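Work through the exercises below with the model open. Try each task before reading its solution.

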Amino acid sequence: MKKNIGLYIKILLLAWFGIFTFVNANAQSLWADELSSIGFIRTGLSLKEMFSIYLHYDTNLPLYSFILYFWYRIVPYGEQFLLIPSILFCIGGIIFLAETAKSIKGERMHLLVVLIGCSSNAVIWQGAWEVRCYSLVFFLSAFTMWSYIRKTLNPCTKNLLIYGISVILFLWTHWFACILLAFYGLSDLFMIIRKKSSWKVLLCYPVALLTYCPWLYVSLFTKQNLIADFWPDIPRFSNMAWTILFFLSGRRVLWYICLITGAALCVKSVINFFKRNSQTDSALCLGCIFTLSIYWVIGIVFLYSAYINPKGSLYVERYFMVIAPHILIITAWGIDFIMNILGKIIPDPGKHLPAVSFLPRMTQIIAVIGLCIYWVLCYKESYSTIHKPNQEYREVSDYLIQENKLGDGRTLLAGSNKACILDGFIDYYFIKRDYAEPSSVIDYRDIQDREDSRFYSNYTQYSKDDLLQYDLIYCLKIHMSYSDEFADFLNENYIPVSADNLSGLEMWQKKE
C-alpha cells in the first residue's frame, strides 16, 4: 500500500506538470527565437530546404526541427498545441531521470527526483514552454543517462544498442551534447583501463561519430563567421556556480546540497574505487561520473568562452540543459543521503526519550515540507511570469489583421528576417491562422546574402520611387532593428504615427 501511495503521488505530480504547462502555454505570444524555429520549417518548405537553411543560420542541430517539421503540419493553430511535443519531452525526461535514480538508490530517490524535476523553473520555462530544442535536449540527456547506467551495470548487447541509439540522437540535438558524451566516453575508457569494464562498451562511440561528423564539418564550414562572432557576454568565474543555481530555480538550499553532495560523491567514490567492486561501489562511481560531467561541461564551455574565443562566447545558461538532469539527480541524491543519515542518528529509539527518538523523523518531515514549499513557489512564479506581456508578436498580428491594410497594395510591412524570424511571424500568425499573407513585405536590413532574406526582397533591391509608392509602412521592431540607411529614408519621407501603444510596431505615414 505504501508503494502504491508513492506511485500515485508521482503520477499526480507528472499529471499536474502536464496540465499546468499545457493550459498556460498560450498565455504569451511566441518570442523571436521560437518564431525562428518556425521560420526554418515554415509552410511550403521541403525537408531539403529546411536542412539547407539550418546549415546556414541555426546554431543548434536539426533533430528537434525535423520532429517539429511534421508536427507543425498536422497541429491546429494555438501556442499550446504547438508546445505539446515540448511538454511531453519534459515529462518523458523526468520519468527517465526518476528511473535512473531508482536504479541507483531506490524508491525514495525515485520520488524525490520526480518532485524536484517537476518543480524546476528551468525545465518549465526553457523546456515545456519553448518551441525550441531544449525540451528534447532534456529528454535525451535523461534518456542517455538512464541507458548509460543500464549498459554500465549490465553490458549486454541490448543495453549497448539502446545506449548507442541514445548517443546518436543526443549528438543530433545540441552541440554541448558532444562535450558531455566525450566525458562519458572517457569514463568508459578509464573503467576499461582499470579492468572494471569490457572494451565493447566503446563500440557505440565511433558509430555515433560516423553519423555526426559529416554534419559537424559542413555546419562549421558554413557557420564559421557566425560562430566566430557570437552574441553572449564573456563569462566570469561566478557564472559557473550560478549556472547550477539556475536549474534549481534559484533555491539556495538545494544549490548548497547539490554542490556538497557532488564533492562528497567524488571523494567517496575515489576511496571506494581502489577497495572493491561491489554494487554499492558501482552506484558511487556513477554518482561521481554524473557529478564530474557537470563540472566538465561547464568548465570546457567557460574556458572556450572566457579565454579561447571571447568574441564568440557560447556561455548561455539555457544551453546547459544538457546537464540539467545531472544537476537534479545529484541534488535528489543529497536529500536522500540527508534523510538516511537522520534515520541513523539514533539506531535504537527505544533507549531514548520519545522526543529525542522522534527527532530524525521530524527532520525528515521538515525536509519534505520544504520541498513541497519549493514546488508551490515554482508554479506560483511560473504562472505569474507567463501571464506578463513579452515580445508581443501575436498582439501585433492581431492589430495588423484588424486594420486589414496589408493587402491593399498601398501598405508595406517591413521587418528583419534574420534567422528567419519574419518567416516564422508571417507563416504562424497569418498563414497558420488562415489569414491572407501580406502582399508587400520587405527585409529592412542592408544585406547581400539572398539566402538570408529568403522569401522577402531586401529594401536595397528597390529604388526610392518604388518604396514611395506605399502610403503606409508598418515596421516590425520586436527583437529587430533596421539599417541606418532605411531609418534615414523613413525620416526623410514619412512621419511616425501612433500604433495603439504596441511597442513592437512602428507606423510611418507618407508626408503630403
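**Exercise 1: A pair and its exposure**

The side chains of Lys405 and Glu403 form a salt bridge, with N to O at 3.9 Å. The model is a predicted one.

Task: Classify Lys405 and Glu403 as buried, partly exposed or exposed.

Solution.
- Step 1. Recall the cut-offs: buried is under 20% relative accessible area, exposed is over 50%, and partly exposed lies in between.
- Step 2. Lys405 has a relative accessible area of 31%, so Lys405 is partly exposed.
- Step 3. Glu403 has 28%, so Glu403 is partly exposed as well.

**Exercise 2: Asp471 and its partner**

Task: Find which residue forms a salt bridge with Asp471, and place both in the chain.

Solution.
- Step 1. The partner is Arg410; the closest N and O atoms are 3.2 Å apart.
- Step 2. Asp471 sits in the loop between helix H23 (464-467) and strand E4 (472-476). Arg410 sits in the loop between helix H20 (393-403) and strand E1 (411-415). The pair links distant parts of the chain, 61 residues apart.
- Step 3. Asp471 has a relative accessible area of 26%, so Asp471 is partly exposed. Arg410, at 38%, is partly exposed too.

**Exercise 3: Into helix H21**

Task: Decide whether helix H21 is largely enclosed or open, then trace the salt bridge of Asp427.

Solution.
- Step 1. Helix H21 spans residues 421-431. Ten of its eleven residues are buried, so the rest of the structure largely encloses this helix.
- Step 2. Among the buried residues are Phe425, Asp427 and Tyr428.
- Step 3. The side chain of Asp427 meets that of Arg42 in a salt bridge, 3.7 Å from N to O. Arg42 lies in the loop between helix H2 (32-40) and helix H3 (47-57), so the pair ties together parts 385 residues apart in sequence.
- Step 4. Arg42 and Asp427 are both buried.

**Exercise 4: Two aspartates compared**

Task: State for Asp336 and Asp488 whether each is buried or partly exposed, and describe the surroundings.

Solution.
- Step 1. Asp336 belongs to helix H17 (residues 324-344). Its relative accessibility is 2%, so Asp336 counts as buried.
- Step 2. Beyond neighbours within four places in sequence, Asp336 contacts Lys105, Arg108, Met109 and Leu112.
- Step 3. Asp488 belongs to helix H24 (residues 484-493). At 44% relative accessibility, Asp488 counts as partly exposed.
- Step 4. Asp488 joins Asp484, Glu485 and Glu492 in a negatively charged surface patch.

**Exercise 5: The wider tally**

Task: How many salt bridges are there, and which residues link up with Lys102 in a network?

Solution.
- Step 1. The count is 17 salt bridges.
- Step 2. Lys102 is linked with Lys10 and Glu107 in a salt-bridge network.

Conventions
Residues are numbered from 1 along each chain as its sequence is written. This is a predicted model: local features need pLDDT of at least 70, side-chain atom pairs count only at pLDDT 80 or more; totals for chains, interfaces and linings use all residues. Side-chain values use heavy atoms; hydrogens and water are left out. Patches are made of residues with over 30% relative accessible area and no salt bridge: like charges are joined within 9 Å, nonpolar side chains (Val, Leu, Ile, Met, Phe, Trp, Tyr) within 5 Å. Accessible areas come from the Shrake-Rupley method with a 1.4 Å probe; for residues, only the protein chains shown count as cover. A salt bridge is a side-chain nitrogen of Lys or Arg within 4 Å of a carboxyl oxygen of Asp or Glu. Lys and Arg count as positive and Asp and Glu as negative; His and the chain ends are not counted. The place of a charge is taken as NZ of Lys, CZ of Arg, CG of Asp or CD of Glu. Helices (H or I, at least four residues) and strands (E, at least two) are DSSP runs, numbered from the N terminus. Buried means under 20% relative accessible area, exposed over 50%, partly exposed in between (1.4 Å probe, protein chains only). Contact means heavy atoms within 4.5 Å.
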